[in-house]
Amino acid sequence: MCIRDRYYTPKEVAKHNTASDCWVSFFYEVYDLTYVIQKHYGPEVDPIVKAAGTDITHWFDEKTREPKTFVSPHSKILEYYLPNGRYLHIPPAEPDSSWSNSFTTPYLYFALRWWRKKKLCIGKLTRKVRKLRVINMLTKDDDVLEVSVG
C-alpha cells in the first residue's frame, strides 16, 4: 500500500509523460519514476518513458503484483509479458553475457525492483472523478473543475 493519502485523477497523471517528469499508475497507485529513469537512463527505461502518464496495471499479475509471465510457444520456457519491450529490472528471455544485474546477491536484485519501492509511490489514483462547475457571480466567469471522489 502507498503511504501517502493524496489522490490524483487520470488527467493529472497524464500531464507527467516525459523522461524528465514521469509518472505511471498501476493497481490504483501513482508512482513518480523520474528519479529511476534519470539514474538508469538507457534503452531499458524506454518502455517506461513510452508509457509515462498512463496506467500500466496490465503489465502486472493481479495476484502477485509482479510482471506478468507466460510460457513462450516457441521456446517453451517462462517469459515475461512485455508489451512495450524489456524494461528496467527485467532479465532477458535468454542468457545474455552483456546483461548484468549489478547486484552482489540475488536477494538485493529482487528487493530493489522499482515496482516494489513504496517510496516512489506518491499517492493513489482515484477510482471516480466528479466535475464541479464554479461560477464567479461578480465577473460571471465559470470554470469546470475535475475532483477526485475517493
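**Entry 1: confidence and layout**

I looked up the confidence and found a mean pLDDT of 87 for the protein, with 89% of its residues at 70 or more; pLDDT is the predictor's confidence in each residue, from 0 to 100. This is a predicted model, in which local features need pLDDT of at least 70, side-chain atom pairs count only at pLDDT 80 or more, and totals for chains, interfaces and linings use all residues. Residues are numbered from 1 along each chain as its sequence is written, and side-chain values use heavy atoms, with hydrogens and water left out.

I then listed the secondary structure, which comes to four helices and nine strands. Helices (H or I, at least four residues) and strands (E, at least two) are DSSP runs, numbered from the N terminus. The order from the N terminus on is β-α-β-β-β-α-α-β-β-α-β-β-β. Of these elements, helix α4 (residues 106–111) has the lowest mean pLDDT, 50, and β3 has the highest, 97.

I checked burial and contacts for the protein. Of its 150 residues, 31% count as buried; buried means under 20% relative accessible area, exposed over 50%, and partly exposed in between (1.4 Å probe, protein chains only). Among contacts with a separation of 6 or more, 56% come from residues 24 or more positions apart, where contact means heavy atoms within 4.5 Å.

**Entry 2: cores**

I looked for nonpolar cores, defined as sets of buried Ala, Val, Leu, Ile, Met, Phe, Trp, Tyr and Cys residues joined through side-chain atoms within 4.5 Å. The largest has 23 residues, and Phe26, Leu33, Ile48, Ile56, Phe60, Tyr87 and Trp114 have the most contacts inside it. Two elements, β3 (21–26) and α2 (34–39), give two or more residues to this core. Strand β3 gives the most, with three residues. Another core, of six residues, lies apart from this one and includes Tyr8, Trp23, Val30 and Ile122.

I took Ile56 as one member of the largest core. Neighbours within four places in sequence aside, Ile56 is in contact with Val24, Ser25, Phe26, Ala51 and Trp114.

**Entry 3: cavity**

I searched the whole structure for cavities of 30 Å³ or more and noted one. On a 1 Å grid over the protein atoms alone, a cavity is a set of points where a 1.4 Å probe fits but cannot get out, and lining residues have an atom within 4 Å of a point. The volume of the largest cavity is about 40 Å³; grid points are joined across faces, edges and corners, and a volume is the space filled by probe spheres set on the points.

The lining consists of Tyr35, Val36, Lys39, His40, His89 and Lys117. By class, I have two nonpolar, two polar and two charged residues. Ala, Val, Leu, Ile, Met, Phe, Trp, Tyr, Cys and Pro count as nonpolar, Asp, Glu, Lys and Arg as charged, and the others, Gly among them, as polar.

**Entry 4: single residues**

I placed Tyr31 in strand β4 (residues 29–32). Tyr31 is buried because its relative accessible area is 0%. Outside four places in sequence, Tyr31 touches Cys22, Trp23, Val24, Phe26, Trp115, Lys117, Lys118, Leu120 and Cys121. The C-alpha atoms of Tyr31 and Val13 are 9.3 Å apart, with their positions 18 residues apart along the chain.

I found Thr9 in the loop between β1 (7–8) and α1 (10–14). Thr9 counts as buried, at 3% relative accessibility. Its C-alpha atom is separated by 5.5 Å from that of Thr126, 117 residues apart along the chain. Beyond four places in sequence, Thr9 touches Leu125, Thr126, Val129, Glu146, Val147 and Ser148.

I placed Tyr80 in strand β6 (residues 78–80). Tyr80 is partly exposed, at 23% relative accessibility. Tyr80 touches Pro67, Lys68, Thr69, Phe70, Ile90, Pro91 and Arg113, residues up to four places away not counted. Tyr80 and Pro67 are 6.6 Å apart, C-alpha to C-alpha, and 13 residues apart in sequence.

**Entry 5: positive phi**

I noted that most residues other than glycine have a negative phi. Tyr28 has a positive phi, near 60°. Tyr28 lies in the loop between β3 and β4 and is partly exposed, with a relative accessible area of 40%. Lys140 also has a positive phi, near 65°. Lys140 lies in the loop between β8 (129–135) and β9 (142–148) and counts as exposed, at 59% relative accessibility.

Key:
1 Å grid on protein atoms, 1.4 Å probe; cavity = no way out; pocket = protein on both sides within 12 Å on 5 of 7 lines; lining within 4 Å.
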